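Trainee: I am new to this structure. Please take me through one helix closely, and show me how it sits in the rest of the chain.

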Amino acid sequence: MRIVKTTKELGNLLETLRSERKSIGLVPTMGALHQGHLSLVGKCVADNDVCVVSIFVNPTQFNNKEDLEKYPRTLERDGQLLEKAGVDIIFAPSEAEIYPEPDTRRFDFGQLDKVMEGVHRPGHFNGVAQVVSRLFDIVKPVRAYFGEKDFQQLAIIREMVKQLNLPAQIIPMPIIREPSGLAMSSRNERLSQEQRNIAVNISRILFESKEWMKNIPVKETAGKVVNSINSIKELDVEYYEIVDGYTLQPVAGWKDSNYIVGCIAVFCGDVRLIDNIVYKAES
């Protein structure tokens with residue numbers, strides 16, 4: 001496994017591999033890796049001749065400076081996990097390597113970024129599109145892997161690939177949960193053990209709501225989820241939206257779409273956690 005820190009070195013290395021007709025896969029990350037990331041890595045290793053994992057905490061997608069500063073950075077530990085997982089190349093660039101000049105591009109995602117995370121984290125998805133498109137330009141992967149926990153982000157990246165006519169195939173991977181049901185996230189590292197025990201209620205209530213939907217309308221189901229979570233000490237729902245899985249627009253009834261997903265953001269203390277539940281799967 002090689003750790004590469006400059007775009008020039010990576011470009012030269014990948015050009016040689018491409019000349020040998022090697023297929024290249026990419027897993028973009030911000031580090032602080034967990035089993036969710038490693039599930040993406042495992043799929044990338046299996047699908048491609050060369051697996052590249054990028055580790056870069058992207059400043060343009062944080063609208064909260066404090067959140068950026070607190071984001072865990074564990075490069076040495078991450079490297080050990082990735083080597084064990086069979087990764088070929090870690091790309092761990094500096095900010096100057098990714099953004100040699102300020103990235104002033106503005107993307108238009110229609111209504112996809114006007115809801116949920118887009119409302120509460122203005123500019124976040126523009127920053128995601130900036131860094132992912134930059135990584136695609138540097139790595140030129142055949143396939144790139146993203147987790148479904150960041151459901152809205154996945155929709156944004158698919159739209160970005162379509163708009164920019166990029167050749168990379170986007171491979172979605174299911175949410176990986178801790179044995180308790182808590183969705184794995186790098187932010188979980190900031191939770192105390194007591195908070196972890198409390199945060200488990202987010203997924204528990206989401207799973208319970210799949211039973212509620214059989215008997216009550218969309219609006220009542222959403223309200224019951226919010227009230228149930230907010231009734232638990234230290235949990236505070238920022239939003240819960242039940243949406244069309246393709247357009248991300250809210251649905252009024254269970255028959256409005258054949259693909260319906262509930263997306264949530266909850267504060268556990270000062271740690272912001274996201275999760276989602278599929279009520280009706282893609283047909």
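Mentor: What follows starts with the whole chain, settles on one helix, and then turns to a second helix and some single residues.

Keep in mind that this is a predicted model. The secondary structure of the protein chain comes to 10 helices and 9 strands. Along its principal axes, the C-alpha trace spans about 60 × 40 × 35 Å. Is the chain a compact globule by its radius of gyration, or an extended one? For 283 residues, a compact globule would have a radius near 19 Å, and the chain has 19 Å, so the two agree. Of those 283 residues, 54% count as buried. Long-range contacts are frequent: among contacts between residues at least 6 apart in sequence, 71% join residues at least 24 apart. The accessible surface comes to about 13,500 Å², and carbon and sulfur atoms hold 50% of that.

Now the close look. Take helix H10, residues 218–230. Check its length before anything else. At 1.5 Å a residue, its 13 residues should span 18 Å. The C-alpha atoms at its ends are 18 Å apart, so the expectation holds.

Next, ask which residues of H10 are buried. They are Val218, Thr221, Ala222, Val225 and Ile229. These residues cover an arc of only 100° around the axis, so they sit on the same side of H10. Look at the face turned away from that buried side. There you find the exposed residues Lys219 and Asn227.

What does the buried side of H10 pack against? One partner is a helix, H9 (193–212). The others are strands: E7 (235–244), E8 (260–268) and E9 (271–280).

Set helix H4, residues 75–84, beside this. Its buried residues are Asp78, Gly79 and Leu82. Seen down the axis of H4, they fall within an arc of 100°, so they line one face of the helix. The face turned away carries the exposed residues Glu76, Gln80 and Lys84. The buried residues of H4 pack against H2, E3 and strand E4 (89–91). After H4 comes Gly86, with a positive phi near 90°.

Two of those partners lead to annotated positions. Start with H2, which covers residues 35–47 and contains His37. UniProt places the feature "active site" at His37, in an unreviewed entry. Is His37 buried or exposed? Its relative accessibility is 14%, so His37 counts as buried; the cut-off for buried is under 20%. Not counting residues up to four places away in sequence, His37 touches Thr29, Gly31, Ala32 and Ser186.

Then take E3. The loop between strand E3 (50–55) and helix H3 (65–70) holds Gln61. UniProt lists Gln61 for "binding site", also in an unreviewed entry. At 8% relative accessibility, Gln61 counts as buried. Leaving aside neighbours within four places in sequence, Gln61 is in contact with Met30, Arg121, His124, Gly127, Val128 and Val131.

Gly127 gives one last reference point. Asn12 and Gly127 are 115 residues apart in sequence. In space they are 27 Å apart, C-alpha to C-alpha. Asn12 lies in helix H1, residues 7–19. At 49% relative accessibility, Asn12 counts as partly exposed.

Go back to H10 with this in view. Its buried residues keep to the same side, and the exposed Lys219 and Asn227 are on the face turned away.

Note on methods
Residues numbered from 1 in each chain as written. Predicted model: local features only at pLDDT ≥ 70, side-chain atom pairs only at ≥ 80, totals over all residues. Heavy atoms only, no water. Helix = DSSP H or I, 4+ residues; strand = E, 2+ residues; numbered from the N terminus. Expected span 1.5 Å × (residues − 1). Buried < 20%, exposed > 50% of the residue type's maximum accessible area, 1.4 Å probe, protein only. Arc of directions from axis to C-beta. Contact = heavy atoms within 4.5 Å. Rg over C-alpha atoms; globule rule 2.2 N^0.38 Å. Areas by Shrake-Rupley, 256 points an atom, 1.4 Å probe, with all protein chains shown as cover. UniProt positions renumbered as here; feature names shortened; annotations may be inferred.
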